[in-house]
Amino acid sequence: MGFARLCSVILLALSLVVLASRGVDAAPAMPPVPIFLDTDVCVDPGDVSAVTLLNGLANRGEAKILGITCVTSFPYAPGCVDAVCCWCGRSDVPIGSLKDSGFLDESKYAQYVANNWPNRYPDGSRNVPDAVALFRRVVSNQPDHSVVMVAIGPARNLAHFLQSKADSASPLSGRDLIAMKVKHLSFMAGAFSKTRRIKDQMGKDYGPSETFIEWNVQQDIPAFQYVVKNWPTPIMFSGFEIGQEILVDGSMVTATPQSPQAYCVPTTQRAFGYRNVSRPAWDQTAILYGVRGLSNYWGGAMEGRVVVDDQGHTIWRADPTRHQGFLEPKMSDAELGEIISQIQAEAGQIKPLGERGR
Ligand SMILES: [Ca+2]
């Protein structure tokens with residue numbers, strides 16, 4: 001082998017080492033995925049981590065945040081979401097809120113965050129747009145079949161979006177508007193695994209998926225039934241079993257201790273009686289799927305439909321005429337956790353917008 005050829009072989013080997021050392025989460029160069037997020041931020045602090053992850057993916061150029069709606073009546077939820085986005089470098093994300101009263105109307109962290117970190121809604125949600133009006137306005141301005149909807153809470157807002165009527169934003173019904181503008185829905189809800197048993201973060205075993213009623217479904221079973229029956233685009237579910245053993249928030253807390261997200265998760269964990277600073281990454285998995293798809297993280301065929309009984313059990317049935325599926329584990333929880341962990345930790349380290357801190 002000549003010297004020049006030997007050099008080129010060494011260079012090739014070195015570049016492969018460099019590529020490998022960039023980490024397993026190096027993403028392909030693609031246009032940013034337009035994401036509309038619906039979240040029940042204020043109940044589980046995992047939603048705050050999920051909003052952080054979405055901001056991290058947007059900061060990397062992989063996602064574009066079109067809007068975020070809150071599916072809770074808690075008045076400080078929009079301020080909390082906005083505070084997290086502002087902290088991550090984004091002060092103009094359109095935010096909407098459920099206008100029903102009395103639905104998930106409490107939080108162990110959201111008011112403190114809304115009152116103590118910069119955001120547009122520190123005094124509550126009175127001036128926050130209605131979630132339905134915001135969704136219709138934002139989505140109607142997007143190219144056809146482009147919007148990726150991500151839902152990480154109960155299905156009430158999604159049912160309202162579907163049932164909405166023509167307005168100044170669009171002459172279409174909600175269902176027709178979604179069919180025209182939305183590409184697919186990534187939804188953290190239900191439990192589907194045939195192989196993984198349902199466990200909580202303390203290792204308590206709740207048995208197989210078919211006997212388990214997942215929280216997002218349970219909060220509004222009629223809304224969930226309505227959505228799985230009527231949503232006109234493909235739906236990929238991230239069941240409870242997908243995120244249950246991925247605990248990732250510790251890195252975020254260490255990397256950005258002054259951030260609102262570093263406050264939310266440990267505070268709530270302590271209030272729940274857990275010693276771990278992390279919540280399972282249920283909601284983050286739906287965000288990651290929405291932005292990066294199956295990647296080499298998961299499997300999941302979409303030739304079926306989900307049926308929900310009146311108790312809230314989720315059952316998947318093969319059906320070649322429908323396009324609903326559920327994520328199945330492929331990459332190890334530890335590797336997937338490393339990927340989520342890294343993006344969440346870096347998301348809070350973007351240069352601050354204006355004044356930060358409590
Ligand atoms: Ca949630």
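The following paragraphs lead through a predicted model, from its confidence to its central sheet and its nonpolar core.

The mean pLDDT of the protein is 89, with 90% of the residues reaching 70 or more. Two stretches call for caution. Over residues 1-23 the pLDDT stays under 50, and the model shows 2 contacts beyond four places in sequence for this stretch. Residues 354-358 also have a pLDDT below 50, with 7 contacts in the model beyond near neighbours in sequence.

The fold may be read from its sheet. Seven strands form an open sheet in the order β3-β2-β1-β4-β5-β8-β12, and the pairing is parallel. In general, the strands of a sheet pair through backbone hydrogen bonds, either parallel or antiparallel. The edges are held by β3 (95-97) and β12 (324-326); each has a single partner strand, so one side of each is left without a neighbour in the sheet. From one strand to the next, the twist averages 20°.

Starting from the β3 edge, β2 (63-70) is joined to β3 by 3 bridges in the parallel sense, and C70 stands opposite S97 of β3. Between these two strands the chain passes through α3, in a right-handed β-α-β crossover. On the other side, β2 pairs with β1 over 7 bridges, again parallel, and I68 in β2 is the bridge partner of L37. Of the 8 residues of β2, 7 are buried, so this strand is largely enclosed by the rest of the structure.

A right-handed β-α-β unit is also made by β1, α2 and β2. Helix α2 (residues 46-59) lies across β1 (33-39), β2 and β4 (147-152), and it runs at about 155° to β2.

Further along the sheet, β1 and β4 run parallel and are joined by 5 bridges, with M149 in β4 as the bridge partner of F36. Why is β4 described as largely enclosed? The reason is that 6 of the 6 residues of β4 are buried. In a regular strand the side chains alternate between the two faces of the sheet. In β4, V147, M149 and A151 point one way while V148, V150 and I152 point the other way, and all are buried.

The next partner of β4 is β5 (residues 182-188), to which 5 bridges join it in parallel; here V150 stands opposite S186. Towards the other edge, β8 (residues 235-238) runs parallel to β12 and is joined to it by 3 bridges. Among the residues concerned, I235 has Q324 of β12 as its bridge partner.

The packing may be considered last. The largest nonpolar core has 107 residues, of which I35, L54, C80, V81 and A110 touch the most other members. Helix α3 (residues 77-87) gives the most to this core, contributing 8 residues. I35 illustrates how parts of the chain that are apart in sequence come together: leaving aside neighbours within four places in sequence, I35 is in contact with L54, A63, K64, I65, L66, V148, V150, G290 and V291. Two of these partners, V148 and V150, are among the buried residues of β4.

Terms used
Residues numbered from 1 in each chain as written. Predicted model: local features only at pLDDT ≥ 70, side-chain atom pairs only at ≥ 80, totals over all residues. pLDDT = per-residue confidence, 0-100. Core = buried A, V, L, I, M, F, W, Y, C linked by C-beta atoms within 7 Å. Buried ≥ 20, exposed ≤ 12 C-beta atoms within 10 Å, placed from the backbone. Helix = DSSP H or I, 4+ residues; strand = E, 2+ residues; numbered from the N terminus. Pairing = 2+ DSSP bridges. Axes fitted to C-alpha atoms, helices over the stretch in contact; angles between N-to-C directions. Right-handed = clockwise from strand over helix to strand, strands pointing away.
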